[in-house]
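Visitor: I'm new here, and I'd like to know where the labels come from. Could you walk me through a few of them?

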Amino acid sequence: MEGSGVLHAIRNLGSNKLKERNNALDELTSTLKQSPDSIPVKSLGPVTELLIELLDSEHRKYNDILTNLTDTKLGKQTLCENRLSSIAYVLRLLIEKTCSRIKLKTLKLLLAVLPELMVKQQSKILLDPVSVHISFSILALVNCQLFQSKFSLHQWVSLVNTTCEYLKERFKTSLTDRSVSNLISILSRLIAMDTIGLYQVFLTVHHTILQYLKFSKRQILNTRLIISLIKHLILKTHCID
């Protein structure tokens, strides 16, 4: 997609017509897979904001459907789930392919809103249509150089606490899905970073690990991730002491 094509897609993402928005999502998906560097840096912020707006809108619609779910609304639920998943996937691609070029303002926006958009409203329960894509997105963000060099203590503590809350809730129903793997990887990466905030979250992280061990009856793939998390936690607390 050339520069004019990017601008055209951006305009269509904000269109009131569903077909134009869907076409824009398809165009962005193709570009991000084939030539993500063709998207100018100055366009990354606007595209990100529009995708977040779309995701937030569908998120609210989906939560309304879940709150008042009836047999007659099952069709609407499926359609909304598909739209949620599609938008989350495009946003994930955008982040994974361009996070090395985004501005700090965009990074802060993503880290502020993405955790809220992967759960049901007023709960810590992950939404299956989006949780995998959004957790992949957050993982890419915490691994990018911009976050590594510019994160704030408050931001780091908030991410750790939120990730632990989501994991403990998810452990009640699953220990093996991809969202769990991604969230453990996010937590492990955050703990591996040098920060004075570790003492503020140590007990929360410790309790999260204990919750996993409580529900885990045998060694599974995510056990390796938990062991890696434990190693990071021991190393960092030992070094601080």
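Guide: Sure, we'll take some labels one by one; keep in mind that this is a predicted model.

Visitor: What makes H5 and H6 roughly antiparallel to each other?

Guide: Helix H5 (residues 104-117) and helix H6 (residues 128-143) pack at an angle of about 150°. Angles over 145 degrees count as roughly antiparallel, so H5 and H6 get that label. Their axes are 10 Å apart, and H5 passes H6 in a left-handed crossing.

Visitor: Which residues meet where H5 packs on H6?

Guide: From H5 come Leu107, Leu110, Leu111, Leu114, Pro115 and Leu117, and they meet Val130, Ile134, Ser137, Ile138 and Leu141 of H6. Sorted by kind, the contact has 10 nonpolar residues, one polar and no charged.

Visitor: How do you know that Cys99 is in no disulfide?

Guide: A disulfide needs two cysteine sulfur atoms within 2.5 Å. For Cys99, the nearest cysteine sulfur belongs to Cys144 and is 5.0 Å away, so Cys99 doesn't qualify. Searching the whole structure turns up zero disulfides.

Visitor: Why is Cys99 called buried?

Guide: Its relative accessible area is 13%, and buried means under 20%, so the word fits Cys99. Cys80 passes that test too, because its value is 0%.

Visitor: And what makes Gln122 exposed?

Guide: Exposed means over 50% relative accessible area, and Gln122 has 88%, so Gln122 counts as exposed. You'll find Gln122 in the loop between H5 and H6. Gln122 also has a positive phi of about 55°, although it is not a glycine.

Technical notes: Residues are numbered from 1 along each chain as its sequence is written. This is a predicted model: local features need pLDDT of at least 70, side-chain atom pairs count only at pLDDT 80 or more; totals for chains, interfaces and linings use all residues. Side-chain values use heavy atoms; hydrogens and water are left out. Axes are lines fitted to C-alpha atoms, for helices over the stretch in contact, and angles run from 0 to 180 degrees between N-to-C directions. Helices (H or I, at least four residues) and strands (E, at least two) are DSSP runs, numbered from the N terminus. Angles under 35 degrees count as roughly parallel, over 145 as roughly antiparallel, 65 to 115 as roughly perpendicular and the rest as oblique. A crossing is left-handed if the near helix is turned anticlockwise from the far one by less than a right angle, and right-handed if clockwise. Contact means heavy atoms within 4.5 Å. Ala, Val, Leu, Ile, Met, Phe, Trp, Tyr, Cys and Pro count as nonpolar, Asp, Glu, Lys and Arg as charged, and the others, Gly among them, as polar. Buried means under 20% relative accessible area, exposed over 50%, partly exposed in between (1.4 Å probe, protein chains only).
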